[in-house]
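Visitor: I'd like to learn how to read an interface and a helix from a model. Could you walk me through one?

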Amino acid sequence: MTAATDQGKRRRRTLLGPGALVGAAMVVFAVLVWTGSAPAQTKPVSTGPVDIQAGQILYNGHCASCHGIGGVGSKGPELLNVGPAAVDFFLSTGRMPLASPNLEPQPHTPYFNPAQIADIVAYINALDVEHGTPGPGILEVTPACTNETSDCPTLSEGDQLFLLNCAQCHDASGAGGMLSHGYVVPSLRQATETQIAEAIRVGPRPMPNFGPGQLTNQQVSAIADYMYNLSHTRDPGGLGIANFGPVPEGFVGVIFGLGVLLLVARLIGNRG
Amino acid sequence: MAENPMVEDRTAEGPVAETGTAAEQLPRVFTGTHDNLDGADGHTPWPDDVPAGQDDTWYPLRDDPWKARRMEYIIAAFWGITAVCGIGLMIVYWTGGQAQYEGALLLLAFASLGTGLVLWARYLLPGHDITASRGHHVSDPEERAAIVESLSRGTEAILSRRGFLVKKVLVPVGGIFGIAALWPLASLGTRPGDALYHTKWYPGARLVTEDGNALHVDDVMVDGLLTVFPEGYIDDASSGAVVLNIGGAPIQARRGQADFEVVSGANGIVAFSKICTHAGCAVSLFNVLTMQLICPCHQSTFNILQDCSPVFGPASRPLPQLPLLVDAEGYLIARSDFIEPVGPGFWNRSGD
Amino acid sequence: MSTMAERSAARKRAKLEQQALDWADDRLGSSKWLRSALDKIFPDHWSFMVGEIAMYCFVILLATGIYLALFYNASSAVVVYHGPYKALDGQSMTEAYASVINISFSVRAGLVMRQAHHWAALIFMAAITFHMGRIFFTGAFRRPREINWIIGVTLLLVSMLEGFSGYSLPDDLLSGSGLRVVFSIIQSIPLIGPWLAFNLWGGAFPGSGAFFERLFLIHEFLFPLLLAGLLGGHLAILWHQKHTDFAGPGKTEHNIVGSRLWPQYTIKSTALLTFVAAVIFGLGGLVQINPIWVFGPYEAARSSAGTQPDWYVGWLDGAMRLWPHWEFRSFGHEIANPFFPGILLPGIVFTFIYAWPWLDKRLYADYGEHNLLDRPRDKPLRTALGVAALFFFVDLTLASATDVIGNGLQISFERLIEILQYGSFIGPIVGGLVAYRVCILLQGGKVHPIQRPVGGIITRDARGAYHTLGADHGGNGHGGNGHGGNGHDGNGHDGNGHDGNGHDGHGEDEPLERVAVGHGDPGGGNGASAALGGDGLGSPGTFGTGTLGEATSGGGGDPAPAE
């Protein structure tokens, strides 16, 4: 079905943990070098003391009130095993900092600039490493094939994985949806590839998470790349009208389409 | 008051009441036939209904040749736009086609064609506001009597002897032959048999992803889910299942299903049929905060920790649970098929 | 003012026309019928054109449909896609799906044709629904037009099924989910459900390899044939009975006022066709619809948020979402939940709709013939029921979009569904009551433009002073084309023998009274209210001032004698 099955079924054993991540990445890299696609690796996080220090200052000023000094948690959850991806995701989508721990994190304009975010990520990562439980790293999402004429198995693989694992909540077009209890599923169409990849690994609640045993780095990268591509490609059919499918289409057809024709009828016919 | 014999005036006193409501409450009943709808002879419409000497050749600009010619030029200009758009369409097509240009040019072409036509009809062509008689769309009384004669010529003969041939012979024969003629329609499909009672899950079937990779018991993270199929039957329509890791959360299973879950360390692995028990869509929206599975089609919501029972929406039966085991190499396998039919209900569906 | 050359050319043309028509008449005897056809009158009110809009949508659906049928492949055989749309490259899909992707990306103008076809279907259904509403609210279904109502409702039903089968042909995730739901609905029918579902699909879902061929046959051949036949009958009956019209100056139950078929109505109708084409093809190229490449090919394990049917099936999907989770199980048998909103509800709804002309007759005890239309306010009860039904269907249609609306308005779907569940009966009750009141209010209000007289009515008050009421030259009714009376400017002589005010010599009130009762068909409250001047010509008693010639009858609304 997918390009992967052309290789025949392979059974991989995966274990959680940083070593496994690197190991998996190496295996995946080896395989993908074969097929000619680019590998999916995690971005290195700064370990420089200056960055960590700057991050600590920012953290203490904006985050510690809920997440506790040193990330041990208080009103908010502890951050000792979340990993760089989580921190980067929540900060770069503006979900954090949160005004009150009772609020639901919502996508927002980011409070910090990218350099500040990187610093905070460095600080939390240092805490995680010290604690011995670093969580998912920030995936380096490789762009899909730029050559227009050649085949692009990555994009296709991302499409299939997205439709099977993500579309039921986020809509096949990525426009978003609804969960129970009023949790709104956000649109993915403004997200960066990195943010999508981070969310898949992190599983910002109420979203489930997808570990390396469920989706490999290469698969996560493919999904992120596919959705980014989809959101930034002009809709071939014209105006996308919210990309939500039959609902906006029905509105346009009935109210606009018939409405214009009723107006035409009024101009052609009699009013009295 | 009108001496119209057709109208049975139910009002107590002369004219009917003032408001429409009251009038509605005291309806007039039309009791007559068609015959005296019109004039005394019942055939011709009222002469007064059709004004005499209507001018059938009149149009608004008939008496103003200068304006008429100007209107002609305006119409010609609109139709010129149509022609230009036509050429544009040919060019767009020739250079490979582009949906938005095609749409815009078609819109403009048709709209200007239509505008020209409307102006033409409205200002330069006759036939406005003519009054004519509706005439009679029903037949004369003589014809209505005559047709009964023609019809009964046949029906009397056909139904002679109390309709022996028709009622006692032809109808049963027709029924029998009709059934015989329609019988082949059954070949359109297969009989359901026990197709609705089983999926492709078999004892010992490994849970595999759509890629064909078997799932190890540690593969799914806590608060994670994955779509799986029985090994060898990937993408089978009735066999799709979601496997979830609920961690240490206690699950309240139905009687006899408590051991369907696989507990391994911090992992609590459960698997449910992905086919909604309401109308068959794939259920896999996972709300981690409320531990619910939701179907996107009609918003049926299933409480995972309570045997995947429906708690909201039109579904009325829980998602069937797949009994799981771990094999010697640590891979997740099914102990057997689901113990009840998956998917929507049907007449013979026994069990819960 | 023609020149001699023009006159001679006209003579030559007339001779040629005579020869051509004689040729036809020698073989077909067509002159009489053809003449009556060319002379046929069609009333011009704009709301009468909505049925035509639907008809022209059908024409465009046929044209674009034939084009698509040349490229569509109704096969369930699995192929691997290699084509311009990179995201699908290498994926397995049915040939049906692949062929529609092909149409969208590899066939020139294919995407416009495909999208225009789909937009045309949406507008087609909207026009049918609006047209049906117009027929309902104006009472055009009354005798002798009951048969046409039956045909029309059947057209509605078949069109719905035609649309559903059409958008299910591409075998994409969205429409495939719809097919899965319909399979489950049929499966839930007591006794025969599973057998019938397996029979139609050729086996267990997703059906046999021949399923799409079957669906294609139904969509491309069986239903269009049925639709064309029904439409032909619909038009033939309309042609024979002649179109209805609103009451107004100069209009009676026995005449018809409007445009001649030739050349006026032909050209105007052709213009309407071009505008329908303009809107459909404009949308077809400029606004995206049903992007099946985004949904991907249908797989039973996949689903998407925002899974709704096309809008005209939305009320059924909404009913599925709103219906409580009742199922009935006993003695080893069960009636599954989808049966009630999926089979029972539409069955009851359509039974009501089909039966309406006869229910209306009973409601108003009016079994008479009507060629003149009601205004909605003239029949408050019928209007209220219609508005209630509208509220019901809108509520159900909104219910099919709960997740999309919830996402947009940030409301939980639990709350939305609850609101819409209550709304499904509160809405119609409230809407019906309000509509009823509004009708009564409007009846007691001022003159409706349709029946406002052209010219003035002179009344005399208690002190003897003369007042002019409603002096309105070139009014909206008859004179809507910018000229008053029967086609001439409101001031001049119009050659019909009418006076300069545009009066038609009979008096404005007379047609109304004839409408009311003069010809023996009171039409329930219509005539009475019209004749009474609740919306007629001022308060009773004004007629007695003698300005309106022989038609006045003194006292408000005495029916004119029928002669």
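Visitor: How many residue pairs are in polar contact across the interface of chain B and chain A?

Guide: Keep in mind that this is a predicted model. Across that interface there are 16 such residue pairs, with both partners at pLDDT 80 or more. Helix 3 (99–124), strand 5 (225–230), strand 9 (285–287) and strand 10 (292–294) of chain B each bring at least two residues to the side of chain B that touches chain A. Helix 3 of chain B gives the largest share, four residues. Sorted by class, that side has 15 nonpolar, eleven polar and eleven charged residues.

Visitor: And which side chains meet in a salt bridge?

Guide: The count between chain B and chain A is one salt bridge. It joins A:Arg205 and B:Asp223, at 2.7 Å from N to O.

Visitor: How do I put a size on the interface?

Guide: People often quote the accessible area lost when the parts come together. Here chain B and chain A bury about 3,200 Å² between them, 49% of it on carbon and sulfur atoms. In chain B, the residues losing the most area to chain A are B:Asp211, B:Met221 and B:Leu289, together 18% of what that side buries. As for contacts, 37 residues of chain B touch 38 residues of chain A.

Visitor: Now the helix. How far apart are the end C-alpha atoms of helix 5 of chain C?

Guide: They are 41 Å apart, which agrees with the 42 Å that 29 residues (110–138) should span at 1.5 Å a residue.

Visitor: Is helix 5 of chain C mostly covered or mostly open?

Guide: Mostly covered: 25 of its 29 residues are buried. Just after helix 5 of chain C, C:Gly139 has a positive phi of about 70°.

Methods:
Residues are numbered from 1 along each chain as its sequence is written. Chains are lettered from A and ligands numbered from 1 in the order in which they are written. Side-chain values use heavy atoms; hydrogens and water are left out. Contact means heavy atoms within 4.5 Å. Buried area is the accessible area (1.4 Å probe) that two parts lose on being put together, summed over both. A salt bridge is a side-chain nitrogen of Lys or Arg within 4 Å of a carboxyl oxygen of Asp or Glu. A polar contact is a pair of N or O atoms within 3.5 Å; within protein, one must be able to donate a hydrogen and the other to accept it, and residues adjacent in sequence count only if both atoms are side-chain atoms. Ala, Val, Leu, Ile, Met, Phe, Trp, Tyr, Cys and Pro count as nonpolar, Asp, Glu, Lys and Arg as charged, and the others, Gly among them, as polar. The expected span of a helix is 1.5 Å times one less than its number of residues. Buried means under 20% relative accessible area, exposed over 50%, partly exposed in between (1.4 Å probe, protein chains only).
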